Amino acid sequence: MNIAIVGTGYVGLVTGACFADTGVNVTCVDVDATKIANLKKGIIPIYEPGLDELVAKNYAAGRLKFTTSLEEVLNEQDIVFSAVGTPPDEDGSADLRYVLQVAKTIGQNLNRYVVVVTKSTVPVGTAQKIRNTISNELAKRNVDIDFDVASNPEFLKEGSAIKDFMSPDRVVVGVDSDRAKQLLTKLYKPFMVVNFRVIFMDIPSAEMTKYAANSMLATRISFMNDIANLCELVGADVNMVRDGIGSDARIGRKFLYPGCGYGGSCFPKDVKALIKTANDNGYPMEVLKAVESVNMSQKSILFKKLQNAMHGESLCGKTVTLWGLAFKPETDDMRESTALVMIDLLLNAGCKLKVYDPIAMNECKRRIGDAVTYCNDMYDAVNGTDALLLLTEWKEFRLPEWNRIKSMMNRALILDGRNIFDAEELRGLGFEYHCIGR
């Protein structure tokens with residue numbers, strides 16, 4: 001089977017490498033000539049554990065190819081996946097210009113049957129727009145070529161994307177023809193030889209499923225953060241509350257961890273897009289509006305705690321350390337990260353910032369330049385600081401040498417935005433310790 005994947009970002013590259021690893025002939029397409037040239041050299045544009053080895057292996061085997069021209073390879077393909085970006089517009093809606101440009105290119109060059117599959121996260125109704133765009137281009141050429149459109153949203157977690165793709169808990173596919181269903185069944189069969197977990201449905205339902213899933217997870221996070229903030233006011237311990245409700249089988253424990261807000265490429269964008277879709281259809285998504293509001297407030301919670309810990313003393317001129325810049329561990333992705341909000345607040349307050357992240361330092365420098373001091377390691381980052389703020393729960397931060405850290409800090413003040421440290425231990429060592437919801 002031959003497939004093309006348009007877009008070599010996070011979703012497209014992981015998808016292409018994983019399909020190639022099952023023996024499929026995959027051609028990854030991107031308009032960025034530099035990115036394609038680098039991929040041919042084994043230079044990966046994103047950080048994802050194991051991806052560089054998987055790409056190199058399948059490129060060397062000839063199952064994974066890279067090109068800048070969809071036109072040149074289109075009519076060799078059985079399936080074309082569209083995995084281009086859908087960035088949010090100012091009103092929160094998904095920008096579909098790249099998705100529809102792919103559809104236009106297909107319509108202008110198609111000479112044989114193909115299934116066009118949207119892999120990008122797109123609003124309900126996008127598949128129909130793709131179908132119309134291709135049909136219009138075929139009509140301009142006065143040709144009648146059969147094709148199908150399908151929806152196959154991704155549910156990959158950054159940091160474990162390859163495992164998620166190779167052993168999915170489910171694959172959602174929206175189709176409206178038996179021919180497309182048979183092709184996509186054949187494509188996914190190698191991943192599910194023992195237990196075939198492809199859920200076929202109509203296309204609008206598949207498009208909606210992606211947004212609904214991410215919005216539900218975001219809702220759980222914001223709900224737990226709201227509960228955590230109330231716990232502090234009434235003297236409860238959010239960790240005990242989480243254990244109490246998480247043991248209920250109807251609720252479960254996943255995504256009930258309080259913290260300093262969610263970020264990344266999916267949750268913020270998808271919540272906004274679903275709110276916009278609802279507004280366009282005359283329905284206010286009041287729950288999701290609250291989810292978004294709570295999250296925006298939560299990203300500044302550590303700043304407020306730091307101000308309170310200073311007991312009226314000005315932050316201006318203070319040195320503050322940030323451990324963690326990425327929105328979550330095992331990625332260099334800083335999109336919508338709490339770190340970006342905190343950096344802005346602290347710099348505006350006149351603080352001097354020292355930062356360290358195991359992976360995301362270059363990404364931070366790309367985004368904000370030299371506005372902060374980039375440190376060699378987590379100990380270098382705390383030398384001479386007045387406060388340490390943990391924003392990302394990287395494993396290497398979990399068991400540091402606290403006595404060494406205390407001796408290096410100007411003031412033994414720690415604000416734990418992910419509740420990973422032992423409060424009793426730190427206070428016993430003489431630290432002033434603050435976390436979320438306790």
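Q: Which word fits Val234, buried or exposed?
A: This is a predicted model, in which local features need pLDDT of at least 70, side-chain atom pairs count only at pLDDT 80 or more, and totals for chains, interfaces and linings use all residues. Residues are numbered from 1 along each chain as its sequence is written, and side-chain values use heavy atoms, leaving out hydrogens and water. Buried means under 20% relative accessible area, exposed over 50%, and partly exposed in between (1.4 Å probe, protein chains only). Val234 has 58% relative accessibility, so Val234 counts as exposed.

Q: Which residues make a nonpolar surface patch with Val234?
A: Val234 is found in helix 9 (residues 203-234); helices (H or I, at least four residues) and strands (E, at least two) are DSSP runs numbered from the N terminus. A patch takes residues with over 30% relative accessible area and no salt bridge, joining like charges within 9 Å and nonpolar side chains (Val, Leu, Ile, Met, Phe, Trp, Tyr) within 5 Å. Areas come from the Shrake-Rupley method with a 1.4 Å probe, and for residues only the protein chains shown count as cover. The patch here covers about 340 Å², and the partners of Val234 in it are Leu230 and Leu233.

Q: What is the relative accessible area of Thr338?
A: Thr338 is found in helix 14 (residues 338-348). Leaving aside residues up to four places away in sequence, Thr338 touches Cys260, Gly261, Lys299, Leu391 and Arg418, where contact means heavy atoms within 4.5 Å. Thr338 is buried, because its relative accessible area is 4%.

Q: Which residue forms a salt bridge with Asp280?
A: Side chains of opposite charge can pair when their charged atoms come close. A salt bridge is a side-chain nitrogen of Lys or Arg within 4 Å of a carboxyl oxygen of Asp or Glu. Asp280 is exposed at 54%, while its partner is buried at 17%, and both lie in helix 11 (residues 267-280), four residues apart, about one turn of the helix. With 2.8 Å from N to O, the partner of Asp280 is Lys276.

Q: How many residues apart in sequence are the parts tied together by Glu432 and Arg411?
A: Glu432 forms a salt bridge with Arg411, the closest N and O atoms being 3.5 Å apart. Glu432 lies in strand 14 (residues 432-434) and Arg411 in the loop between helix 17 (402-408) and strand 13 (413-416), so the pair ties together parts whose separation in sequence is 21 residues.

Q: How many salt bridges does the structure hold?
A: One of them joins Arg404 and Glu401, with the closest N and O atoms 4.0 Å apart. Arg404 is partly exposed, with a relative accessible area of 38%, and Glu401 is partly exposed too, at 46%. For the structure, the number of salt bridges is 25.

Q: What phi value is His311 near?
A: Most residues other than glycine have a negative phi, and most peptide bonds are trans. His311 is found in the loop between helix 13 (301-309) and strand 9 (319-323), and is exposed, with a relative accessible area of 66%. Its phi is positive, in a residue other than glycine, and near 50°.

Q: What phi value is Phe255 near?
A: Phe255 lies in the loop between helix 10 (238-246) and helix 11. At 30% relative accessibility, Phe255 counts as partly exposed. Phe255 is another residue other than glycine with a positive phi, here near 60°.
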